[in-house]
Amino acid sequence: MDGTRSIPRMRTATKLVAEIKALDPDTEMTEFHIRQLAKDGAVSVVWAGRKALINLDDVLDLMRLGTARPTKEEAPAEGGIRRIDPKR
């Protein structure tokens with residue numbers, strides 16, 4: 001190894017929030033939000049048994065860059081079940 005790569009700071013959601021609160025005591029970041037980011041695939045997760053480990057630096061980068069607002073998904077134009085207007 002050349003020594004230029006650092007060890008990733010992997011944390012559980014609970015410990016991630018604790019680290020962020022240590023950096024910024026007035027943060028609005030919650031465990032629920034961290035878990036949603038992992039569930040939505042916005043941050044990668046490494047599973048260690050039953051523990052989901054998330055890279056602290058990835059979360060901090062995501063907080064700096066921001067995320068897109070969720071959009072409402074349109075119903076498919078064809079296929080699936082569609083509502084039929086009974087007045088026709």
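**Exercise 1. Fold order**

Read along the sequence and give the pattern of helices and strands that the chain follows.

*Solution.* Start with the count: this predicted model has three helices and three strands in the chain. Then put them in sequence order. The pattern is β-α-α-β-β-α. Next, turn to contacts with a separation of 6 or more. Residues 24 or more positions apart account for 46% of these.

**Exercise 2. Burial and surface**

State what share of the residues of the chain counts as buried, and what share of its accessible surface belongs to carbon and sulfur atoms.

*Solution.* The chain has 88 residues, and 19% of them count as buried. The accessible surface comes to about 8000 Å². Carbon and sulfur atoms hold 52% of that surface.

**Exercise 3. The two faces of α2**

Find the buried residues of α2 and decide how they are placed around the axis.

*Solution.* Step one: apply the cut-off for burial, under 20% relative accessible area. In α2, Ile34, Leu37 and Ala38 are buried. Step two: check their directions. These residues cover an arc of only 95° around the axis, so they lie on the same side of α2. Step three: look at the face turned away from that side. It carries the exposed residues Phe32, Lys39 and Asp40. Step four: find the packing partners. The buried residues of α2 pack against α1, β2 (45-48), β3 (51-55) and α3. Step five: go just past the helix end. There Gly41 takes a positive phi of about 85°.

**Exercise 4. The largest nonpolar core**

Name the residues that touch the most other members of the largest nonpolar core, then list the contacts of Ile54 beyond four places in sequence.

*Solution.* The core has 14 residues. Those touching the most other members are Leu16, Ile20, Ile34, Val43, Ile54, Leu56 and Val59. α1, α2 and α3 (56-65) each supply at least two residues of this core. Now take Ile54. With residues up to four places away left out, Ile54 touches Arg9, Met10, Arg11, Leu16, Ile34, Ala38, Val43, Ser44, Val45 and Val59. As background, nonpolar side chains tend to be buried together in soluble globular proteins.

**Exercise 5. Thr27 in its loop**

Is Thr27 buried or exposed, and what does its side chain approach?

*Solution.* Locate the residue: Thr27 sits in the loop between α1 (13-23) and α2 (31-40). Thr27 has a relative accessible area of 13%. The cut-off for buried is under 20%, so Thr27 is buried. A polar atom of the Thr27 side chain lies 3.2 Å from the backbone nitrogen of Met29. Finally, set aside neighbours within four places in sequence. Thr27 is then in contact with Ile20 and Lys21.

Note on methods: Residues are numbered from 1 along each chain as its sequence is written. This is a predicted model: local features need pLDDT of at least 70, side-chain atom pairs count only at pLDDT 80 or more; totals for chains, interfaces and linings use all residues. Side-chain values use heavy atoms; hydrogens and water are left out. Helices (H or I, at least four residues) and strands (E, at least two) are DSSP runs, numbered from the N terminus. Buried means under 20% relative accessible area, exposed over 50%, partly exposed in between (1.4 Å probe, protein chains only). A polar contact is a pair of N or O atoms within 3.5 Å; within protein, one must be able to donate a hydrogen and the other to accept it, and residues adjacent in sequence count only if both atoms are side-chain atoms. Contact means heavy atoms within 4.5 Å. A nonpolar core is a set of buried Ala, Val, Leu, Ile, Met, Phe, Trp, Tyr and Cys residues joined through side-chain atoms within 4.5 Å. Accessible areas come from the Shrake-Rupley method with a 1.4 Å probe; for residues, only the protein chains shown count as cover. The arc is that of the directions from the helix axis to the C-beta atoms.
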